[in-house]
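Work through the exercises below with the sequence and the model side by side. Try each task on your own before you read its solution.

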Amino acid sequence: MKIVTIIIRTLIGLLLLFVSIGYFLKLTPEPVTTGDFKAFDVGIVSAVYLMPIARFIELLCGLSFILDRYVTLTSILILPIILNILFLDYYLTPKALPIALFLFFGNFFLIYKHWNNYKSLFSLK
């Protein structure tokens, strides 16, 4: 099970690094958007600060997963971004849904594997 954890953590880290580095270095062209996704994309781009912050968090979390440092904190920190990716892909771009599902279930697998680290957060004192 330890090897599966390492593989999932590394794949998630590489995916997050690829997306964030591609965004900052403009390595991939902007996708052509239509319909509801175009309206959503215009709104996100209009909020100038939102995408750079999200991509920077993805970069930090990707490095954390790759280096196996602060994985417990990283799994919680990246969870809202992964949820947004999942819902965006489910409702607006279903072609990318398998990748979003991998991120979602892979992150929950990592949370499950490190559950002992979270127990103190949910204890009544």
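**Exercise 1. Placing a threonine**

In which helix does Thr72 lie? Then find what this residue touches beyond its sequence neighbours.

Solution. Keep in mind from the start that this is a predicted model. Locating the residue in the sequence and then in the model shows that Thr72 belongs to helix α4, which runs over residues 71-91. Next, set aside the residues up to four places away in sequence; what Thr72 then touches is His114, Asn117 and Tyr118. As a last step, compare sequence and space for another pair: Thr72 and Leu121 are separated by 49 residues in sequence, while their C-alpha atoms are 12 Å apart.

**Exercise 2. The chain as a whole**

How many helices and how many strands does the chain have, and what are its spans along the principal axes?

Solution. Begin with the secondary structure, which comes to 6 helices and 0 strands, so that the pattern read along the sequence is α-α-α-α-α-α. Then turn to the dimensions: the C-alpha trace spans about 45 × 30 × 25 Å along its principal axes. For the surface, the chain exposes about 8700 Å², and 73% of this area is supplied by carbon and sulfur atoms. Of the 125 residues in the chain, 32% are buried. Finally, consider the contacts between residues at least 6 apart in sequence, of which 68% join residues at least 24 apart.

**Exercise 3. Checking the length of two helices**

What span should helix α5 have at 1.5 Å a residue, and which of its residues are buried?

Solution. Helix α5 covers residues 97-113 and has 17 residues. The expected span is 1.5 Å times one less than the number of residues, which for α5 gives 24 Å, and its end C-alpha atoms are indeed 24 Å apart. The same check can be made on α3, where 18 residues reach 26 Å from the first C-alpha to the last, close to the expected 26 Å.

Now look at burial. In α5 the buried residues include Leu97, Leu103, Phe104 and Leu110, and what covers the buried residues of this helix includes α1, α3, α4 and α6. In α3 the buried residues include Arg55, Glu58, Cys61 and Phe65, with α1, α4 and α5 among their cover.

**Exercise 4. A glutamate in a helix**

Is Glu58 buried or exposed, and which residues does it touch?

Solution. First place the residue: Glu58 is in helix α3, which covers residues 50-67. A residue counts as buried when its relative accessible area is under 20%; Glu58 has 3%, and is therefore buried. Leaving out residues up to four places away in sequence, Glu58 touches Leu16, Val19, Ser20, Ile78, Ile81 and Ile85.

**Exercise 5. The largest nonpolar core**

Which residues of the largest nonpolar core touch the most other members?

Solution. This core holds 16 residues, and those that touch the most other members are Ile12, Leu16, Phe65, Ile78 and Leu110. The elements giving two or more residues to it are α1, α3, α4 and α5, and α5 gives the most, with 6 residues. As background, nonpolar side chains tend to be buried together in soluble globular proteins. To follow one member in detail, take Ile12, which, apart from its neighbours within four places in sequence, is in contact with Phe65, Phe102, Leu103, Gly106, Asn107 and Leu110.

**Exercise 6. Positive phi angles in loops**

What is the phi of Lys26, and what is the phi of Asp68?

Solution. Start from the general expectation that most residues other than glycine have a negative phi. Lys26, although not a glycine, has a positive phi of about 55°, and Asp68, also not a glycine, has a positive phi of about 60°. Then place each residue: Lys26 is found in the loop between α1 and α2, whereas Asp68 is found in the loop between α3 and α4.

The last step is accessibility, for which exposed means over 50%. At 63% relative accessibility Lys26 therefore counts as exposed, while Asp68, at 39%, counts as partly exposed. Pro31, which also lies in the loop between α1 and α2, is exposed at 55%.

Methods
Residues numbered from 1 in each chain as written. Predicted model: local features only at pLDDT ≥ 70, side-chain atom pairs only at ≥ 80, totals over all residues. Heavy atoms only, no water. Helix = DSSP H or I, 4+ residues; strand = E, 2+ residues; numbered from the N terminus. Buried < 20%, exposed > 50% of the residue type's maximum accessible area, 1.4 Å probe, protein only. Contact = heavy atoms within 4.5 Å. Areas by Shrake-Rupley, 256 points an atom, 1.4 Å probe, with all protein chains shown as cover. Core = buried A, V, L, I, M, F, W, Y, C linked by side-chain atoms within 4.5 Å.
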